[in-house]
Amino acid sequence: MGDRPGAPARAWQRMLSGRRLDLLDPSPLDVEIVDIAHGLARVARWNGQTFGDHAYSVAQHSLLVEEIFRKFVPGASPEAQLLALLHDAPEYVIGDMISPFKSVVGGGYKSCEERLQSAIHLRFGLPAAIALGLKKDIKRADQIAAYFEATQLAGFSVAEATQFFGRPRNITPDGLDLAPQPASRVQKAFLERFEAIEKLRASRA
């Protein structure tokens, strides 16, 4: 539902927690993990163009990326694991815009995404910007996840997926859960993984 004609433009999103997150100047104080989990579990990857009775959500993708990341970086710190889990967290506010549309929209979307990502990181005691090496490792896990999703869920041929995402090496989809799950189940799994990582962080403090 749009804003009332003539009313001032609204740049904030109201969350079910009661928080109001300003997209132009997001405050870490308005970021809650329950809102992130709820939103990401209901945002569809691939614009919903996937097989299955349920949408394949960004929350499920995030869990997959974090799992793949740990396979390739077995000694990763809890902070690094959390950064991997939250790599698409801004999409709980702005949705999952497919790459072709991002290229059409241009830089405005990217700057908004970066502001949100920084606020999310600061909320959970993470660095606003990710170190380059870690960023590459998370991106690698993201690309591997995208390849498996593309070929097993989104109807891409192996050749197409290889062209856009690269073909994974030293890893197969065996043992990875790619079956689209109900939103409530994925939301619960996302929160449980977040809490497990936070316990690891607390134990090392």
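Q60 is buried, with a relative accessible area of 5%. Here buried means under 20% relative accessible area, exposed means over 50%, and partly exposed lies in between (1.4 Å probe, protein chains only). This is a predicted model, in which local features need pLDDT of at least 70 and side-chain atom pairs count only at pLDDT 80 or more, while totals for chains, interfaces and linings use all residues. Residues are numbered from 1 along each chain as its sequence is written, and side-chain values use heavy atoms, with hydrogens and water left out.

**Q60 and its pocket**

Let us stay with Q60 for a moment. Q60 sits in helix α2; helices (H or I, at least four residues) and strands (E, at least two) are DSSP runs, numbered from the N terminus. Leaving aside residues up to four places away in sequence, Q60 touches D177, L178, A179, P180, Q181 and V186, where contact means heavy atoms within 4.5 Å.

Q60 also helps to line the second largest pocket, together with L63, L64, E67, D177, Q181, R185, V186 and A189. Two elements, α2 (58-72) and α9 (183-203), each give two or more residues to that lining. The largest share, four residues, comes from α2. The pocket has a volume of about 170 Å³. On a 1 Å grid over the protein atoms alone, a pocket is an open set of points where a 1.4 Å probe fits, with protein on both sides within 12 Å along at least five of seven lines; lining residues have an atom within 4 Å of a point. Grid points are joined across faces, edges and corners, and the volume is the space filled by probe spheres set on the points.

**Salt bridges**

The structure holds 11 salt bridges, each a side-chain nitrogen of Lys or Arg within 4 Å of a carboxyl oxygen of Asp or Glu. Three of them are listed here.

| Pair | N to O distance |
|---|---|
| R45 and E149 | 2.6 Å |
| E66 and R70 | 2.8 Å |
| R193 and E66 | 3.0 Å |

R45 lies in the loop between α1 and α2 and E149 in helix α7, so this pair ties together parts that are 104 residues apart in sequence. Both R45 and E149 are buried.

E66 appears twice in the table, and E66 is buried with a relative accessible area of 0%. Its partner R70 is also in helix α2, four residues along, about one turn of the helix; R70 is partly exposed, at 31%. The side chains of R193 and E66 meet in a salt bridge as well. Since R193 lies in helix α9 and E66 in helix α2, the pair ties together parts that are 127 residues apart in sequence. R193 is buried, with a relative accessible area of 17%. Elsewhere, salt bridges that share partners join R19, D30, E32 and R123 into one network.

**Two more buried places**

A150, in helix α7 (residues 132-152), is buried, with a relative accessible area of 0%. Not counting residues up to four places away in sequence, A150 touches W46, G155, F156, A161 and F165. Helix α1 (residues 33-40) has six of its eight residues buried, so α1 is largely enclosed by the rest of the structure. Those buried residues are I33, D35, I36, A37, G39 and L40.

**The whole chain**

The protein chain has nine helices and two strands, and buried residues make up 42% of its 205 residues.
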